[in-house]
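I opened this entry to record what I looked up about the interior and the surface openings of one protein chain. The notes follow the order in which I consulted the model.

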Amino acid sequence: MANMLPFSSDGQAKKTANLHDLNEPLINHAEGQLFLNEAFKIIVEEVLCKGTDIKQKVCEWKEPEELAQLLDLQLRETGEPQCRVLERVRDVAKYSVKTSHPRFFNQQFGGVDYHALAGRFLTEALNTNLFTYEVAPVFVLMEKEVLSGLRQLVGWTEGDGIFCPGGSTSNMYAMNLARYQRFPEVKSQGLWHLPKLAIFTSPESHYSVKKGAAFMGIGTDNVIMVKVDDGGHMSPEDLDEKIQLAKSQGLVPFHVSCTSGTTVQGAFDPLYHIADVCEKHKLWMHVDAAWGGSVLFSKQHRHLMKGVDRANSVAWNPHKMLVAGLQCSVLLLKDTTDLLKQCNSANATYLFQQDKFYDMNLDVGDKSVQCSRHVDCLKLWLMWKAVGSIGLAERVDKAFIHVRYLVEQMKKREGFHLLRDPEFVNVCFWFIPPNLRGKEGNADYWERLAKVAPVIKERMMKQGTMMVGYQPLGNKVNFFRVIVFSPLVTKKDTDFFLDEIERLGNDL
C-alpha cells in the first residue's frame, strides 16, 4: 500500500508546504486524494463487503482496555505515518459493530441502502450548512420538496417542517411550539409569567418526552402518564379524565404526545380518538412516529395511523424503517402561519440580511434552534428518487411478511413464548430454557427467567454471531425484542436467529 501513496521510506507523508510560503496550500491535494482513495477501499471492503456478509461476524467484541490499545487512541503532537493512519481506518472498521449486517436485529436502525449511502458520502464531501440559500441552494430546495412529500403522506396539502438531529429533538421542537402557540410571551419573558403547565403521554412513550419537559423547565413531575392497555396503546378515555383532573388541580394542559410505533412493543396509539379529546380541550396533538411513520407509505398498513392528519405535528425518522441512514429525522407541521420561524428566530443580521438579492424566504436557518445544521435530506431524496414511493412501500410490506414468518416459526418451537402477537415489526418474547419449562408455578421462576436474556446476549456478543436487544417492561421481567425490517434480511437469517437463540440458551 505504501508504494501506491506518495510517502517517504519512513512512511511519513511528504511535506506539502513551507508555512512562510503563501503561494503553496498547507494541504497537498494529490496526496490527500490518494489517501482518501485508499481509505475508501478499506471502507468498502470492511464495512460494505465483510460487514454485510453472513459468513462474517456482526461484532468483534473486545473489552474496553484491550480495544483502546488495539486502536492506539492516543493523540500526539506530531502526525503519524500515513500507512499507519490507514491501519487505524481498518481497525476502526474491523472493531465497530456492523449495523448493516443482516443479523443485526438490535436496534430500530440497520441495514444499508446504497443510494442513500451515496447521498451520505456526497453530503460529507460538499460539507455545507443548511441555513441560507446562498451557501446551500440545492439543499434548501431539496429539503422543501422532501418535507412536502412526507406531509402529503400524512394527509396535509400545506404546512411546514424541518429536518432535526434525531427524533428526540423533533419531539422537543413540537413541545416548544405547542407552548409558544399557547403562550407566545414565553419567548421574551421566559417562565416567570407562565402558569403550571401539564403534558400528557403514555408510560410506553419515548423517554424524550420527559427529557424535553426537563430541558424546557416544565418539569418531569408535570408529565402526566395516561393509562395503556396490555398492548401498550394509550387510552383516550383515561386521557380525557386526566386532562379534566389536571385542570381541577390548577394545572394548564397544553400538549399531548402520542406514539405511532412504541419503542418496545411497537404499539400504535388510537390517533383518531385521541384527536377527539385534544380538540375537545384545545390541546396541541403531537404524534411521535419516529419508528412507525414509515407505514404511511404502505396502502396495506397505513391504517395503523388513522387520524394522523388531525394532529398538529408529527415526528418521523426515515433513518429507521426506510434505511436512509443515520441521521434522518423530520418534524412535520400542519401549521401554515410560520409558527416555526416565529418561535425560533433570532434575526441574526450577519446571516439573514434583509436586503439580499434573492427571496429571503429561502433562508430557512432561522426556523431552527441550531445555527450549524447538517444536510440530512439528500440521502432520503436520492433513495426516494431511485426506488420511488412504491419501492419504499415494498420495504415496509416485506418487513411485515418477515415478522409474520418469524412468529409462525416461533409458535412451532418449544421454549419461545411471545408476549403477544406483534402489531408492528417488534417481536417481543421470552426464551424459556429446557430446565425452566413447566416450572411456571415455582416461587423463583420469574427471577430465574429474568437472568436468561442477559446471559444469551453476552454470549452472542462475545461470539459475534448476531445482535438482539432485551429489556424489562413494567412488571414483566427481561424479554427479547427482535426488530426485523432490514431489506438485506432473508428467511435464512430469521431461521438462523431462532436456531442461535436455542444454541446459546439451551444449557441455562
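**Second largest pocket**

I began with the second largest pocket, where 23 residues form the lining and Lys144, Asp160, Asn361, Val364 and Lys367 lie nearest the centre. I noted that two elements, helix 5 (137–154) and strand 2 (160–164), give two or more residues to this lining. Helix 5 gives the most, with seven residues. I then sorted the lining of the second largest pocket by class and found six nonpolar, six polar and 11 charged residues. I recorded about 490 Å³ of space for this pocket.

**Confidence**

I am working with a predicted model. I looked up the pLDDT and found an average of 95 for the protein chain, with 97% of the residues scoring at least 70. I marked residues 1–11, where the pLDDT is below 50; this stretch nevertheless has 21 contacts in the model beyond near neighbours in sequence.

**Largest pocket**

I next took the largest pocket, which has a volume of about 610 Å³. I found 28 residues in its lining, and those closest to its centre are Val47, Thr99, Ser100, Leu117 and Arg120. I listed helix 1 (29–49), helix 3 (82–95) and helix 4 (114–126) as the elements that give two or more residues to this lining. The largest share, five residues, comes from helix 4. By class, I recorded 14 nonpolar, nine polar and five charged residues in the lining of the largest pocket.

**Nonpolar cores**

I asked which residues touch the most other members of the largest nonpolar core. Among its 110 residues, they are Val287, Phe429 and Phe497. Helix 12 (residues 377–412) gives the most to this core, with 14 residues. I also found a second, separate core of 26 residues, which includes Cys164, Leu177, Met216 and Leu331.

I followed Phe429 further. Leaving aside residues up to four places away in sequence, Phe429 touches Met410, Phe416, His417, Leu418, Leu419, Phe479, Phe480, Val482 and Phe497.

**Cavity**

I searched for enclosed space and found one cavity of 30 Å³ or more; the volume of the largest cavity is about 30 Å³. Phe429 appears again here, in a lining that also includes Trp430, Phe431, Leu449, Val452, Ala453, Asn478, Phe479 and Phe480. I noted that strand 10 (426–431), helix 14 (452–463) and strand 12 (476–483) each supply at least two residues of this lining. By class, I counted eight nonpolar residues, one polar residue and no charged residues around the largest cavity.

Technical notes: Residues are numbered from 1 along each chain as its sequence is written. This is a predicted model: local features need pLDDT of at least 70, side-chain atom pairs count only at pLDDT 80 or more; totals for chains, interfaces and linings use all residues. Side-chain values use heavy atoms; hydrogens and water are left out. On a 1 Å grid over the protein atoms alone, a cavity is a set of points where a 1.4 Å probe fits but cannot get out, and a pocket is an open set with protein on both sides within 12 Å along at least five of seven lines; lining residues have an atom within 4 Å of a point. Grid points are joined across faces, edges and corners, and a volume is the space filled by probe spheres set on the points. Helices (H or I, at least four residues) and strands (E, at least two) are DSSP runs, numbered from the N terminus. Ala, Val, Leu, Ile, Met, Phe, Trp, Tyr, Cys and Pro count as nonpolar, Asp, Glu, Lys and Arg as charged, and the others, Gly among them, as polar. pLDDT is the predictor's confidence in each residue, from 0 to 100. Contact means heavy atoms within 4.5 Å. A nonpolar core is a set of buried Ala, Val, Leu, Ile, Met, Phe, Trp, Tyr and Cys residues joined through side-chain atoms within 4.5 Å. Buried means under 20% relative accessible area, exposed over 50%, partly exposed in between (1.4 Å probe, protein chains only).
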